Amino acid sequence: TTTITRGLETTGLAKSFGGVHAVDNATVAFHHGKVNALIGPNGSGKTTFFNCVTGMIKPDAGSVSYRGEDITGRPPHRIARAGIGRSFQLCRVFPRMTVLENLLASVRSPTLPGWLRSARQRGDIERARELLMRVGIDHLEHAEARDLSYGQQKLLELAGVLMTDPETIMLDEPAGGVNPALLDRIANLVRALNAEGKTFLIVEHNMDLVMSLSDHVVVFDRGAPIAEGSPDEVRADPRVLEAYLGS
Ligand code: ADP
């Protein structure tokens, strides 16, 4: 017998903008504990789907659940608290803060009393330094984020996502605009983190990366999945080729 751990799932998810059905009755179950990729032609609804799942926008219909718990329509901080962290397509860092300050800002809790905050912050600084080492930009701790290369900023953003130790990590185009050397580093990080038990859900255009990195690929077209399976399975699926050619 096989036990299936329920992870991130959507049922009949829908979101329209005016008359455009960006996400259209999408039912998807991602594989918990694996590296999942979400691919599809431009405009197929991947970003909107991502935003519905992470609480950035509210779906019009359908539901999102995580490990069996309904998280539909929850605000982003509550989705994060449920164990889902995310990065953004156009990298979100505070340009005038230092690298270390950026990481501390990603876990700041302004509601804590001062004495508790300072104790917590010592732990946070330690963790931030560990993560900077892990993503390989610890030498840039005191640099302002705006002085980092785009790829380094993406590594900083990833470290920020890891600060809260999410169980599931959603990455929106981690390879976009990143040079090949840093691309390898990002791919290796994803593999290592996955081996430590993190689930990944990655929207990515770089097909070589998708095919080499993913265990499970979900293909979107016109707002809903049209195919899914291993990289080899989706590569061989005529519906996938058709979707890309037709776009
Ligand atoms: P993808 O990420 O796969 O490229 P998107 O989710 O960005 O797809 O877009 C899906 C469809 O929804 C597209 O037709 C896009 O133009 C439309 N869309 C996305 N966001 C908005 C918005 N805020 N307002 C109007 N239309 C939108």
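Visitor: Which elements each supply at least two residues of the shell around the ligand?
Guide: This is a predicted model, in which local features need pLDDT of at least 70 and side-chain atom pairs count only at pLDDT 80 or more, while totals for chains, interfaces and linings use all residues. Residues are numbered from 1 along each chain as its sequence is written. Helices (H or I, at least four residues) and strands (E, at least two) are DSSP runs numbered from the N terminus, and a residue counts as near the ligand if its C-beta atom, placed from the backbone, lies within 6 Å of it. The elements asked for are strand 2 and helix 1.

Visitor: Which element gives the largest share of that shell?
Guide: The residues around the ligand include Gly 43, Ser 44, Gly 45, Lys 46, Thr 47 and Thr 48. Helix 1 spans residues 46-53, and the largest share, 3 residues, comes from helix 1.

Visitor: Which strands are the edge strands of the open sheet?
Guide: The 4 strands of this sheet have the order 2-1-4-5 with antiparallel pairing, where two strands pair if DSSP finds at least two bridges between them. Strand 4 and strand 5 pair over 2 bridges, with Tyr 66 opposite Glu 69. Those that pair on one side only are strand 2 (20-29) and strand 5 (69-70).

Visitor: Which helix gives the largest share of the largest nonpolar core?
Guide: A nonpolar core joins buried Ala, Val, Leu, Ile, Met, Phe, Trp, Tyr and Cys residues through C-beta atoms within 7 Å, buried meaning that 20 or more other C-beta atoms lie within 10 Å of a residue's own. The largest has 61 residues, and its largest share, 6 residues, comes from helix 5.

Notes: Two residues are in contact if their C-beta atoms, placed from the backbone, lie within 7 Å. Axes are lines fitted to C-alpha atoms, for helices over the stretch in contact, and angles run from 0 to 180 degrees between N-to-C directions. A residue is buried if 20 or more other C-beta atoms lie within 10 Å of its own, exposed if 12 or fewer, and partly exposed in between; C-beta atoms are placed from the backbone.
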